[in-house]
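Q: Could you take a close look at one helix in this model and tell me what its buried side packs against?

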Amino acid sequence: MKKSKFVTFLLWFSGVIALAIGSCLLFIPVTFQASAGIVLADDPGLLSEMRGPGGFIFVSGGIMIIGAIRPAFTFTALILCCVLYLSYGISRVLSVVLDGMPGETIVAAMVAELVIGALCLIALFKFRNPDYNKS
């Protein structure tokens, strides 16, 4: 896979966001969700349901950053970036359809996830082409 400055930046950017979100969900889920107007009860099961995806998001962010640094991991990192961000974004769109419009913070997250996921998908298809010449 050919790598460009755009792909490197995209993986760094996506990875740092995923690391930040993942670490907040892992270590301060009540505070983090409160920043979006979501009140979590002091329920170990509910907190576990927050921390579980937080761990996955955190590790995914690390893989994205490794993909930005090491060319051997770039393709895998871009696929993971597409899967993570597009699955969250599309799931939120489905939630809007089924459940109604959430607060502004969640809508902003949905838009960001869809944009980042789409950019990663474009990068995946553009830069995997062996005829692509690095600029």
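A: Happily! The buried residues of α4 pack against α1, α3 and α5, where contact means heavy atoms within 4.5 Å and helices are DSSP runs (H or I, at least four residues) numbered from the N terminus. This is a predicted model, in which local features need pLDDT of at least 70 and side-chain atom pairs count only at pLDDT 80 or more, while totals for chains, interfaces and linings use all residues. Residues are numbered from 1 along each chain as its sequence is written, and side-chain values use heavy atoms, with hydrogens and water left out.

On α4, the buried positions (under 20% relative accessible area, 1.4 Å probe, protein chains only) are T74, A77, L78, L80, C81, C82, L84, Y85, L86 and G89. The helix has 26 residues and spans 36 Å from first to last C-alpha, close to the expected 38 Å, that is, 1.5 Å times one less than its number of residues. After α4 comes G100, with a positive phi near 105 degrees.

Now for the core. The largest nonpolar core (buried Ala, Val, Leu, Ile, Met, Phe, Trp, Tyr and Cys joined through side-chain atoms within 4.5 Å) holds 23 residues, and L11, M64, L78, C81, Y85 and C120 have the most contacts inside it. At least two of its residues come from each of α1 (5-27), α3 (44-69), α4 (74-99) and α5 (104-127). The biggest share, 7 residues, is from α4. Leaving aside residues up to four places away in sequence, C120 touches L10, S14, L78, C81 and C82.

Definitions and conventions:
Buried < 20%, exposed > 50% of the residue type's maximum accessible area, 1.4 Å probe, protein only.
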